[in-house]
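Open the structure in your viewer and have the selection tool ready. The stops below go one at a time.

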Amino acid sequence: MDKKDDQQFKTSLTITGMTCATCSRMVERSLSKVDGVVFAAVNLATETAFVVSEREIPKEVLEEAVRKAGYDVSDKRPEDLEKTRYRQMKQNLLVSWAITGPLMALMILHMAGRHIPWYNPLEVVGGAVVIFWAGKGSIKGAWIALSHFHANMDVLVVAGSLAAWTTAIPPIFGYPIASFGAVGAMIMALHITGRYIESHLRDKASKEIRALVSLQAREARVLQEDGSELVIPIEAVKEGMTLLVRPGERIPADGELSVGATSVDESMITGESLPVEKKEGDGVTGGSLNLTGAVRMSTTKVGEDSFLSQMVSLIQEAQGSKVPIQAFADRVTNYFVPAVAAFALTAGLFWYFSAERFAPFLDRAAEILPWVTSIRDPLSLAIFAFVTTIVIACPCALGLATPMALITSTGAASKKGMIIRNAEAIQTARDVTVVVLDKTGTITEGNPSVVETDLSPRDLAAAAAIETNSNHPLARAISAAAEPLGPVTGIEEISGEGVRGTVEGEEWFVGRPRSGGNYDGHLSLGRTVVEVYRGEALAGYIAVEDPLRDDAVKGVKALTEMGITVVMATGDNEKTARAVAERVGITEIYAGVHPEEKLDLIRKLQARGGKVLMTGDGMNDAAALKGADVGAAIGSGTDLAIDSADIIIVRGGIFRIADALSISRKTFSVIRQNLFWAFAYNVIAIPLAMAALLHPLIAEGAMAFSSISVILNSMRIK
């Protein structure tokens with residue numbers, strides 16, 4: 001679905017037919033060549049493509065680019081595709097082993113000296129069914145790759161299984177070479193089994209997205225002008241419609257209650273287990289569950305603009321992006337398949353011309369390794385080494401190493417109430433040494449209230465009118481303290497200073513104190529003082545108090561225990577800032593900081609060495625969030641702050657920053673482990689296969705195990 005964001009258009013596509021990292025890279029390359037595309041990332045694990053373009057590109061153009069690469073795009077829902085894929089995979093799995101199992105038993109008897117009549121024809125027929133019918137998906141994947149002049153994992157598997165299967169044909173006509181027909185069937189059966197397990201584990205790892213999508217209502221009950229009800233698909237709901245929601249039904253879209261009161265379960269979105277009471281005028285979120293009362297609501301955000309859709313989109317965007325370390329793995333896999341083909345061919349030629357000379361080496365090895373082949377015929381031994389080398393080196397573990405870790409980490413983060421928008425932040429966050437916290441809305445709840453004022457009722461009403469035009473938490477507190485006057489004109493919000501405007505013909509300013517009055521009593525209690533000016537004359541002050549977030553003290557303590565330096569940077573005065581900092585355990589404080597000065601502070605802290613994470617929620621934090629190595633925005637903050645951040649905290653506060661850093665460190669550790677073992681496996685296994693010291697069955701089992709171990713290791717992040 002296309003979405004305009006800062007003059008860029010984002011499109012997500014569901015790609016079908018990909019089987020390995022090379023496939024996803026070819027699709028990515030084809031999409032990148034489309035005129036107007038500035039970024040394209042294809043994720044094998046989620047089977048999705050994420051495209052950013054400088055102008056709106058018809059979806060058909062992007063789909064054609066995917067098809068040029070040899071793959072297809074599906075408009076089906078992911079869960080429908082998943083069911084179809086599972087059904088087909090299960091069928092292929094059952095067929096392959098129904099034939100391969102008996103063939104293996106016959107092969108064992110044959111190797112033990114019990115020569116079975118018609119064994120070779122059975123190998124040929126049974127192997128053909130397994131390879132060409134149950135394995136038709138792999139053959140299709142190999143053909144797509146070869147027809148587009150590249151190689152992928154399927155090319156290696158199909159080459160190995162076909163090479164082994166064809167050895168069963170010559171003995172039928174009396175040619176005395178060792179037959180590996182049953183081995184060819186086993187290679188494909190084991191490959192199908194590995195793909196089935198991989199798919200199951202990959203889908204399990206991404207279940208958080210499917211859980212979010214499942215929250216969306218399928219239908220909505222629209223209240224028409226004549227009072228009748230009309231049930232329509234959720235896709236047909238428009239902004240401004242009046243919907244009727246009964247108890248036990250999911251709220252179809254974001255909106256505002258217009259009639260009635262109820263309690264709503266928002267636990268899947270906010271993490272809060274207790275129901276939230278809602279009355280007329282209160283906002284409700286699509287996907288939450290209406291519990292007690294029948295209500296009417298007016299829709300404000302529908303479709304891709306809804307909160308739930310944006311959450312799903314952001315998580316998918318993060319899972320489709322790449323971390324810098326992945327570029328190295330991509331470069332390796334780009335040359336890996338041709339190199340393996342060369343190794344296999346070299347091994348085959350070597351044993352064909354040197355079998356007699358090196359036979360004693362194999363005899364001595366067989367005394368230690370029971371699976372070393374007893375074949376000494378040059379042609380048979382050459383085929384044996386070729387097949388084993390091809391099979392052992394399938395690079396699927398390399399292709400899954402990074403995307404599987406990213407899927408699991410972003411899913412784990414979403415369960416803890418965070419959305420990691422930028423995958424690069426996962427790698428960067430592990431090196432964070434300084435966390436900078438804004439005060440209002442970050443350390444405090446961002447839900448302040450007026451506790452004292454010396455303004456007259458009319459002056460307070462004028463200040464309330466001015467502040468209704470600002471999204472700052474302090475402004476919301478003041479605007480709620482009195483019934484605003486009107487009309488208001490000439491509004492100007494001065495970032496970091498306050499708001500200026502005209503009320504009933506008089507000019508007012510509400511903001512940072514200018515007079516230097518004695519507010520020590522309020523400041524020592526951690527309150528914020530705002531001054532109100534009529535023209536240039538001071539009309540009075542307003543004292544506002546904002547309670548600490550529940551997890552503020554625990555969060556600062558957790559960060560400190562991780563070896564992180566915690567810094568407070570606030571536009572508030574020093575006495576208020578220090579009073580709040582002392583309560584939460586922060587010693588390094590920068591008070592009275594303007595927005596541009598916050599950015600300067602970030603750069604100053606970066607100059608110390610290490611990485612800096614900035615956390616904020618207001619418009620005045622946007623520049624600092626962008627300038628920091630990692631920006632984290634509180635989800636209740638302004639759109640500008642959220643758009644500038646790499647991590648969005650949907651629920652919770654400072655403690656979630658510690659969670660994010662912990663997830664980052666663990667994720668990068670897992671990625672490095674995955675890549676190390678994937679490389680180490682190939683470095684050890686390929687020479688053994690070339691030396692004819694491995695059996696093709698062991699090679700195929702090891703290849704499948706390496707991929708599954710990468711997935712299981714990635715799931716440890718949870």
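Among the elements of the protein, which has the lowest mean pLDDT and which the highest? Color this predicted model by pLDDT and select residues 3-5, then residues 432-437. Strand E1 (residues 3-5) has the lowest mean, 46, and strand E16 (residues 432-437) has the highest, 93. For the protein as a whole the mean pLDDT is 81, with 86% of residues at 70 or more.

Next, select residues 1-6, where pLDDT stays under 50. The model has 17 contacts beyond four places in sequence for this stretch. Where pLDDT is low, predicted coordinates should not be read in detail.

Now select helix H5 (residues 136-147) together with helix H6 (residues 153-166). Their axes come within 8 Å and cross at roughly 120 degrees, which means that H5 is oblique to H6. The crossing of H5 with H6 is left-handed.

Show the side chains where these two helices meet. On the H5 side, select Gly137, Ser138, Ile139, Gly141, Ala142, Ala145 and Leu146. They meet Asp154, Val155 and Val158 of H6. The residues of this contact divide into 6 nonpolar, 3 polar and 1 charged.

From H6, follow the chain into the loop that leads to helix H7 (181-205) and select Pro171, which is found in that loop. Beyond its neighbours within four places in sequence, Pro171 is in contact with Asn120, Ile177 and Ser179. Add Asn120 to the selection: Asn120 and Pro171 are 51 residues apart along the chain, and their C-alpha atoms are separated by 7.1 Å.

Terms used
Residues are numbered from 1 along each chain as its sequence is written. This is a predicted model: local features need pLDDT of at least 70, side-chain atom pairs count only at pLDDT 80 or more; totals for chains, interfaces and linings use all residues. Side-chain values use heavy atoms; hydrogens and water are left out. Axes are lines fitted to C-alpha atoms, for helices over the stretch in contact, and angles run from 0 to 180 degrees between N-to-C directions. Helices (H or I, at least four residues) and strands (E, at least two) are DSSP runs, numbered from the N terminus. Angles under 35 degrees count as roughly parallel, over 145 as roughly antiparallel, 65 to 115 as roughly perpendicular and the rest as oblique. A crossing is left-handed if the near helix is turned anticlockwise from the far one by less than a right angle, and right-handed if clockwise. Contact means heavy atoms within 4.5 Å. Ala, Val, Leu, Ile, Met, Phe, Trp, Tyr, Cys and Pro count as nonpolar, Asp, Glu, Lys and Arg as charged, and the others, Gly among them, as polar. pLDDT is the predictor's confidence in each residue, from 0 to 100.
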